[in-house]
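Visitor: I've got the model open and I'd like to poke around it with you. Let's start with contacts.

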Amino acid sequence: MKYKRILLKLSGEALMGDRQYGIDPERLSEYAQDIKTITEKGVEVAIVIGGGNIFRGVAGASNGMDRVQGDHMGMLATVINGLALQSALEDAGLPTRLQSAVHINQVAEPFIRRKAMRHLEKGRVVIFGGGTGNPYFTTDSAAVLRAIEIEADVILKGTRVDGIYNADPEKDDKAIKFNFITFDDVLKKGLKVMDTTAFTLSQENELPIIVFDMNKKGNLLKVVAGEKVGTEVNL
């Protein structure tokens with residue numbers, strides 16, 4: 001395997017499957033099997049998951065809700081998704097730990113960096129919930145921050161699109177895909193990979209990002225093995 005320790009970033013929307021909202025158990029099960037495949041190859045896996053399938057703070061704020069309150073609701077949504085993913089992974093036979101930046105001791109450990117790294121070394125999948133624990137920061141920012149803290153080799157951003165394009169491939173059939181692109185070129189071209197805070201943090205810490213289609217079975221294994229799947233963003 002090319003990467004020994006990865007941070008897998010999943011959006012909350014990815015868990016919806018074909019539904020309009022909520023969690024699709026079949027999609028969860030598919031993800032769990034893909035993650036199990038790479039752990040059996042000795043890869044250490046940490047996961048950050050969004051909460052957009054349940055609640056999005058920015059959307060709440062646009063409808064008149066207090067932004068800080070909305071973001072706190074979004075953080076709790078990520079913990080709900082983390083619990084669902086934890087259950088699916090354990091059904092697949094994987095030992096897991098859910099750590100939350102928001103203290104909910106009855107359902108998740110508090111985030112402690114050394115503890116998280118110890119879990120990974122012991123072969124446990126660690127799910128980070130609660131975002132960064134602060135409003136105004138997205139789960140993209142949480143993913144990059146946690147990846148740096150646990151010394152991950154790469155951030156794998158699993159989406160429903162097979163990489164980064166110069167236009168939205170779902171709207172423009174002439175959109176051109178990049179197999180590799182530098183951090184600087186992403187900024188120059190104004191491409192949307194992650195929010196600016198997360199992207200800048202990744203660039204400053206020389207942490208590569210690979211954007212790939214998580215919904216295609218076997219893609220996660222291919223990416224971790226170093227095959228040319230999706231788009232790599234690097235220096």
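Visitor: Not counting residues up to four places away in sequence, which residues does D71 touch?

Guide: Ground rules: this is a predicted model, where local features need pLDDT of at least 70, side-chain atom pairs count only at pLDDT 80 or more, and totals for chains, interfaces and linings use all residues. Residues are numbered from 1 along each chain as its sequence is written, while side-chain values use heavy atoms and leave out hydrogens and water. Contact here means heavy atoms within 4.5 Å. With residues up to four places away in sequence set aside, D71 touches G57, V58, P135 and Y136.

Visitor: Is D71 buried or exposed?

Guide: D71 lies in helix α3, residues 67-91 (helices are DSSP runs of H or I with at least four residues, strands are E runs of at least two, numbered from the N terminus). Buried means under 20% relative accessible area, exposed over 50%, and partly exposed in between, with a 1.4 Å probe and protein chains only. D71 has a relative accessible area of 10%, so the verdict is buried.

Visitor: And P135, what is its relative accessible area?

Guide: P135 lies in the loop between β5 and α5. Leaving aside neighbours within four places in sequence, P135 is in contact with V68, D71, H72 and M75. P135 still counts as partly exposed, with a relative accessible area of 22%.

Visitor: What is the largest C-alpha distance in the "binding site" group that UniProt lists with D71 and P135?

Guide: From an unreviewed UniProt entry, the group is G51, D71, T132, G133, N134, P135, Y136, F137, T138 and T139 (positions use the numbering here, feature names are shortened, and annotations may be inferred rather than shown by experiment). They are spread over 89 residues of sequence yet cluster in space, with a largest C-alpha distance of 14.5 Å.

Visitor: UniProt also has a "binding site" set that includes K9 and D168; how far apart are its farthest two C-alpha atoms?

Guide: That set, also from an unreviewed entry, is K9, L10, S11, G12, G52, R56, T159, Y165 and D168. They span 160 residues in sequence and do not all gather at one spot, because the farthest two C-alpha atoms are 25.1 Å apart.

Visitor: Which side chain makes a polar contact with Y165?

Guide: Y165 is found in strand β7, residues 164-165, and is buried at 18% relative accessible area. A polar contact is a pair of N or O atoms within 3.5 Å; within protein, one must be able to donate a hydrogen and the other to accept it, and residues adjacent in sequence count only if both atoms are side-chain atoms. At 2.6 Å, the partner of the Y165 side chain is that of D162.

Visitor: How many residues of strand β2 are buried?

Guide: Both faces of β2 are covered, with E44, A46 and V48 on one side and V45, I47 and I49 on the other. β2 (residues 44-49) is largely enclosed by the rest of the structure because its buried count is 6 of the 6.

Visitor: How many bridges join β2 to β5?

Guide: Strands pair if DSSP finds at least two bridges between them. β1 (residues 5-10) runs parallel to β2 with 6 bridges, and L10 stands opposite I49. On β5 (residues 125-129), F128 is the bridge partner of V48. β2 and β5 are parallel too, and their bridges number 3.
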